[in-house]
Amino acid sequence: MTMTTTQRILDLAAAAPARHGEDLVLLLQEANELYQQGLQDLHREVAARLGGLGTADLMFAAETAGMPCDASQDRDEVILLLALVEWGMTPAAIAYAEMAEDAARRGICLIPEE
């Protein structure tokens with residue numbers, strides 16, 4: 001049986017509270033990679049679904065999603081932003097965000113300090 005990206009992120013998020021230090025970093029890194037993969041997959045789906053829309057309809061879809069757009073944004077950018085909005089509401093993205101926030105409260109972050 002193949003595990004989905006969503007299920008794996010949910011599993012990692014469930015395991016995260018019991019992890020510390022390097023173990024938590026490794027868990028967060030895997031979840032981050034899966035998060036990026038999930039976003040890319042959804043972006044392709046959204047591009048296929050909305051790619052045929054006229055510019056006015058695409059802008060209307062963005063505004064309806066709560067993402068105001070202006071004429072300076074090209075179609076690809078608007079489609080990516082729509083994918084981000086849609087992805088942000090998925091259980092995988094929500095679980096990852098909560099996991100990353102909890103890790104940050106415990107001093108673990110994937111962004112290197114300068």
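**Entry 1: α2 against α4**

I began with helix α2, residues 21-50, and helix α4, residues 75-88. In this predicted model, the two pack at an angle of about 125 degrees. Their axes lie 9 Å apart. That angle makes α2 oblique to α4, because it falls neither in 65 to 115 degrees nor over 145. I then looked up the handedness: α2 passes α4 in a right-handed crossing.

Next I listed who makes the contact. From α2 come Y35, G38, L39, L42, H43, V46, A47, R49 and L50. From α4 come R75, I79, L80, L82, A83, L84, E86 and W87. I sorted these by class and got 12 nonpolar, 2 polar and 3 charged residues for the contact of α2 with α4.

**Entry 2: α3 against α4**

I stayed with α4 and turned to helix α3, residues 55-64. How far apart are the axes of α3 and α4? I read 10 Å, with a packing angle of about 30 degrees. α3 is therefore roughly parallel to α4, since the angle is under 35 degrees. The crossing of α3 past α4 is left-handed.

On the α3 side, T55, L58, M59, A61 and A62 make the contact. On the α4 side, R75, V78, I79 and L82 do. The residues of this α3 and α4 contact divide into 7 nonpolar, 1 polar and 1 charged.

I noted that R75 of α4 is listed in the contact with α2 and also in the contact with α3. I79 of α4 appears in the α2 contact and in the α3 contact. L82 of α4 is likewise named for α2 and for α3.

**Entry 3: C69, between α3 and α4**

I looked up the loop that joins these two helices. C69 is found there, between α3 and α4. Is C69 buried or exposed? I have C69 as buried, because its relative accessible area is 15%, under the 20% limit.

Then I checked its surroundings. Leaving out residues up to four places away in sequence, C69 touches M59, A62, E63 and V78. M59 and A62 also belong to the α3 side of the α3 and α4 contact. V78 belongs to the α4 side of that contact. I took one distance as well: C69 and M59 are 10 residues apart in sequence, and their C-alpha atoms are 6.4 Å apart.

**Entry 4: T90, between α4 and α5**

I moved on past α4. T90 sits in the loop between α4 and α5, the latter being residues 91-105. Its relative accessible area is 18%, so T90 counts as buried. What does the side chain of T90 reach? I found the backbone oxygen of W87, at 2.8 Å. W87 is one of the α4 residues in the contact with α2.

**Entry 5: α1 against α5**

I took α1 and α5 next. They pack at an angle of about 25 degrees, with axes 9 Å apart. That angle is under 35 degrees, so α1 is roughly parallel to α5. α1 passes α5 in a left-handed crossing.

Which residues of α1 and α5 meet? I listed T6, I9, L10, L12 and A13 in α1. Facing them in α5 are P91, A92, A95, Y96 and M99. By class, this contact of α1 with α5 has 9 nonpolar, 1 polar and no charged residues.

**Entry 6: A92, in α5**

I picked out A92 from helix α5. A92 counts as buried because its relative accessibility is 0%. Neighbours within four places set aside, I found A92 in contact with T6, I9 and W87. T6 and I9 are on the α1 side of the α1 and α5 contact. W87 also accepts a place in the α4 list for α2. I checked A92 against Q40 too: 52 residues along the chain, 13 Å between C-alpha atoms.

**Entry 7: T5 and P17**

I ended with two residues towards the start of the chain. T5 lies in helix α1. T5 is buried, as its relative accessible area is 17%. Beyond four places in sequence, T5 touches L34, Q37 and G38. G38 is one of the α2 residues in the contact with α4.

P17 is found in the loop between α1, residues 5-15, and α2. Buried or exposed? I have P17 as exposed, because its relative accessible area is 52%, over the 50% limit. P17 and Q37 are 20 residues apart in sequence, and I read 23 Å between their C-alpha atoms.

How values were computed
Residues numbered from 1 in each chain as written. Predicted model: local features only at pLDDT ≥ 70, side-chain atom pairs only at ≥ 80, totals over all residues. Heavy atoms only, no water. Axes fitted to C-alpha atoms, helices over the stretch in contact; angles between N-to-C directions. Helix = DSSP H or I, 4+ residues; strand = E, 2+ residues; numbered from the N terminus. Left-handed = near helix turned anticlockwise from the far one by under 90°. Contact = heavy atoms within 4.5 Å. Nonpolar A, V, L, I, M, F, W, Y, C, P; charged D, E, K, R; others polar. Buried < 20%, exposed > 50% of the residue type's maximum accessible area, 1.4 Å probe, protein only. Polar contact = N/O pair within 3.5 Å; in protein donor to acceptor, adjacent residues only side chain to side chain.
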